[in-house]
Amino acid sequence: MKRRTFLAGTVAVMALPSHSAFAQDNIRASAREAYIYTYPMVKNYLTMYQYALEPGGNQYKGPLNTLASIARVYTPEDTAIITPNSDTPYSFIVFDLRAEPVVVTMPPIEKERYYSLQLIDLYTNNVDYPGTRVDGNDGGDFLITGPGWQGNVPKGITRVIEMPTMLAIGIVRTQLFSPADLDKVKAIQAGYKATPLSTYAGGQAPAAPPSVDWPPISDEKMLSNYWSIAAFLLSFAPPYPGDEAQRDNLARLGIRQGVKWPGADVPPDRLALMNAVAVATEKEIRDNAGRLTDSSKLFGTPEVMKGQYMVRAAAAQGGIYGNSVQEALYVIYVFDGTKAVLNGVTGKYTLTFTPETLPPVDAFWSLTMYDRPKQLLVDNPIDRYLINSAMLPELKKNDKGDIILYLQHESPGSSLEANWLPAPSEVFYAVMRLYLPKAEALDGRWTPPQIEIAL
């Protein structure tokens, strides 16, 4: 069909878009929106699966609702979490809260050491933080419930924390002062426990939840099986208030809670188009993540992150499980002072701290090196993945009292090697973490120093 349009005495013929082209544009726009909305859940499930649902896998930590500790810091061999920290030995628990709540015990520790239990829902929002900042270091028993739980709270519970989703993950970080401090960290980790509520209260265990055929996931399956995994996860993640439009959009595409994807109502051409959109949108999210320079608005509670779907997706791609800014501030170094991408093939760089520009924290700070393609720690001949505040006594100062760190692939020489943070022989980025940042770090009075090209 064509429509005549009259313009200043002439006749122009403007073709209307065909119905199929119009429909494809709608599907393309809806699929992009749906991918951005569900991406953090699928990325989160990738870690959950490797940690708790893939016995025998090289990243497996233990069954669901079991707290497992790693009595070491992360190395390049740890690949399940991108941009991991290597400051704090981790403990992990993947929650399945369908049957009953879980009580997580935090032991009392000394006042000068930092620890926290970061509780993250399936959407990757930070729900709560039992530990140093919120509760102090006296420890306690924290009752972690699923959405809408209405049971009795037994005596001895320090706080009740309701998770908005049935699947969730908990990450415990325990500060390590030095390699010689590792045995003390191990003793603290031995005090972390996860107990089903019925066992904790001495009651009868509830009926087991329906068995689940957990779909396998990998980096490859995030491409080939993305929409089926996204559809599967909806049953574990009630929509937040305000997400109704997103769920309606998913339903228009045929992605519905409790319905296996693809359903009979999804024609092959729509499936092919949605898969193509997924590939393009993943690149869009990755590009957004590559432009991030700090974490101050990337991670937070469900209320803080409400409606910020692209921000949440980029954060999940660039550094999933990042802390809320009150807990830790991240400064992300992707460029040098001339705005050129950091590159260990050709570049040698420095980062200078004066006594006035050291990161202001109530806990500790660190600077960690990552290769950019894989977003993982960098293997190097001295097995050093970061420089942190605990290393200050060993770092060399110049005659002005400044500390100059050297970020480069080759050693800067034996006299400067104490201040060397090895870089890969490829493009890289570095992340400065400020745990319990002081007010001046949050309100802009402190400005992080730039990474500069070495002279």
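How many bridges join strand S6 to strand S10? Select residues 115-121 for S6 and 167-174 for S10, and you'll find seven bridges between two strands that run antiparallel. One thing to keep in mind as you click around: this is a predicted model.

**Stop 1: the open sheet**

Zoom in on leucine 117, and look across to S10 for its bridge partner, valine 172. Now widen the selection. S6 and S10 belong to an open sheet of five strands, in the order S3-S4-S10-S6-S7, with antiparallel pairing. Pick out S3 (68-69) and S7 (126-128) at the edges: each has a single partner strand, so one side of each has no neighbour in the sheet. Next, add residues 182-189. That's helix H3, which lies across S3, S4 and S10 and runs at about 145° to S10.

**Stop 2: strand S8 and its partners**

Select residues 140-145 to bring up strand S8, where six of the six residues are buried. Turn the strand to check both faces: Gly140, Phe142 and Ile144 are buried on one side, and Asp141, Leu143 and Thr145 are buried on the other. S8 pairs with strand S5 (residues 102-106) in the antiparallel sense, over five bridges. In that pairing, valine 102 stands opposite isoleucine 144. With strand S9 (residues 159-162), S8 pairs in the parallel sense over four bridges. Here you can spot threonine 145 opposite glutamate 162.

**Stop 3: the big core**

Which residues have the most contacts inside the largest nonpolar core? Go for Tyr45, Trp227 and Leu233, in a core of 78 residues. Helix H1 (residues 19-53) gives the most to this core, with 15 residues. Now centre the view on tyrosine 45. Leaving aside neighbours within four places in sequence, tyrosine 45 is in contact with Leu53, Trp214, Pro215, Ile217, Ile229, Phe232 and Leu233. Apart from the largest core lies another one, of 27 residues, and Tyr333, Ile387, Leu407 and Ile451 are among them. As a rule of thumb, nonpolar side chains in soluble globular proteins tend to be buried together.

**Stop 4: ring spotting**

Keep tyrosine 45 on screen and show the rings of Tyr49, Trp214, Phe232 and Phe236 too: ring pairs link these residues and Tyr45 into a cluster. Across the whole structure, a search finds 24 aromatic pairs. Try tyrosine 51 with phenylalanine 92, an edge-to-face pair at 4.7 Å centre to centre, with 65° between the planes. Tyrosine 51 sits in helix H1 and phenylalanine 92 in strand S4 (residues 90-96), so their pairing ties together parts that are 41 residues apart in sequence. Are these two buried or exposed? Both tyrosine 51 and phenylalanine 92 are buried.

For a stacked pair, jump to tyrosine 370 and tyrosine 429, which are 5.3 Å apart centre to centre, with 20° between the planes. Tyrosine 370 is in strand S14 (residues 361-371) and tyrosine 429 in strand S18 (residues 428-437), so this pair ties together parts that are 59 residues apart in sequence. Tyrosine 370 is buried, with a relative accessible area of 0%, and tyrosine 429 is buried as well, at 7%.

**Last stop: helix H8**

Finish by selecting residues 268-290. This is helix H8, with 23 residues, reaching 33 Å from its first C-alpha to its last, close to the 33 Å expected at 1.5 Å a residue. Colour its buried residues, including Arg270, Leu273, Met274, Val277 and Glu282.

Terms used: Residues are numbered from 1 along each chain as its sequence is written. This is a predicted model: local features need pLDDT of at least 70, side-chain atom pairs count only at pLDDT 80 or more; totals for chains, interfaces and linings use all residues. Side-chain values use heavy atoms; hydrogens and water are left out. The expected span of a helix is 1.5 Å times one less than its number of residues. Buried means under 20% relative accessible area, exposed over 50%, partly exposed in between (1.4 Å probe, protein chains only). A nonpolar core is a set of buried Ala, Val, Leu, Ile, Met, Phe, Trp, Tyr and Cys residues joined through side-chain atoms within 4.5 Å. Contact means heavy atoms within 4.5 Å. Rings of Phe, Tyr and Trp (its six-membered ring) pair if their centres lie within 6.5 Å; planes under 30 degrees apart count as stacked, over 60 as edge-to-face and the rest as tilted. Two strands pair if DSSP finds at least two bridges between them. Axes are lines fitted to C-alpha atoms, for helices over the stretch in contact, and angles run from 0 to 180 degrees between N-to-C directions.
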